[in-house]
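Trainee: I'm new to this one and would like a close look at a single part of it. Could you take me through one aromatic pair and what surrounds it?

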Amino acid sequence: MTPTDIFRHTALGQGLADIRQVTIADGPGAGGRLIEVRTPVGLCADIALDRGGDLLRLSYKGAEIGWHSNTRAPCPWPDSEAEHGLGFLRGFDGFMVTCGLDHHGVPTETSAEALLYPLRDNNVHPLHGRIAAQKAEVIEKQVDWDAGVITIKLRVQQASVFGENLELLRTYRFSLSTAEITIADRVTNRGFRPVRHGILYHFNAGYPFLNAESRLIGDDWALRNQLDTGGAVPSDDHVEAVQAVAAPQDGHIGLTNGGAHALSIQFDPEALPVTALWQAYQSGTFALGLEPQTDLTDETQSRLVAGEQRDYYLTVSVSGP
């Protein structure tokens, strides 16, 4: 049907698709802003505006795809600098968590010499950086029936006086005809000194999508067979494992769960040349993370001069009955 025909049946198409901005009323996330997205094909998502503009929730035809942690997405995110840089874990939750913009991985320190601030010898980087805890500004949100897409544009800033001034411009496009989301990110150094840069996309699958029948997919992925023996099963004594390899040449990774549903992630392997697998099967946590990321050991890729921009494009799609 044309948009006009759709509107004859349901005002503004709300019977098929909708976006709305809401505020959580109670619990750990009280006060947090969400953009709720609903598409005609059964894809639903929550974009957490006070959590870096990330995808807190993803479901397809009522089936949860993403991971939900015991932190229950608190707002605001607890101090990431606490607990020797492990404070990130006090707020870690959701399907897609962006890590960066100047660091990802374990807590560390790097030289602050380039910033020219006498009181700062080193930059202190907590686990997975700081961007996921920053508040997003909504630039645009609309359902475009003519183009067949829901568009949401956000701006997120990570900044410090005499430190980095990094901006993330993020555009989500949700297809109205397929269970597909495209994510276009542009990171810009808005400061006037060179700064460190790194980004990691932490896509987290959880139960019931993650189960003993789950298997990794991607023909050109070195970790593809990691789940082929025993699958994913909770264990009270499981110790997390993180394995990183070169990104697949075709930039395709994903996960199935016994044929019922499949998650596919497509990205540019030149922009995100490393892929990691996070297996966290401890009971009560039970998550599997697929992590396309930049290479922090590459001096060219891990540095942005004043005004420099870096673009990242990813496509997330879900299939199933």
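Mentor: Start with W278, which is buried in this predicted model: its relative accessible area is 8%, and anything under 20% counts as buried. You'll find W278 in strand β19, which covers residues 274-280. Its partner is W67, also a buried residue, with a relative accessible area of 4%. W67 sits in a loop, the one between β5 (63-64) and α2 (82-85).

Now look at the two rings together. Their centres are 5.7 Å apart and the planes meet at 75 degrees, so W67 and W278 form an edge-to-face pair, given that over 60 degrees earns that label. Because one ring belongs to the loop and the other to β19, the pair ties together parts that are 211 residues apart in sequence.

These two have company, too. Ring pairs link W67 and W278 with W77, F88 and F92 into a cluster. Across the structure there are 11 aromatic pairs.

Zoom out and you can place that cluster in its setting. The protein chain has two helices and 22 strands. Its radius of gyration is 20 Å, close to the 20 Å that the globule rule gives for 321 residues, so the chain is as compact as a globular protein of that length. Buried residues make up 51% of those 321, W67 and W278 among them. As for links across the sequence, take the contacts between residues at least 6 apart: 60% of them join residues at least 24 apart.

Notes: Residues numbered from 1 in each chain as written. Predicted model: local features only at pLDDT ≥ 70, side-chain atom pairs only at ≥ 80, totals over all residues. Heavy atoms only, no water. Helix = DSSP H or I, 4+ residues; strand = E, 2+ residues; numbered from the N terminus. Rg over C-alpha atoms; globule rule 2.2 N^0.38 Å. Buried < 20%, exposed > 50% of the residue type's maximum accessible area, 1.4 Å probe, protein only. Contact = heavy atoms within 4.5 Å. Phe/Tyr/Trp six-rings, centres within 6.5 Å; stacked < 30°, edge-to-face > 60°.
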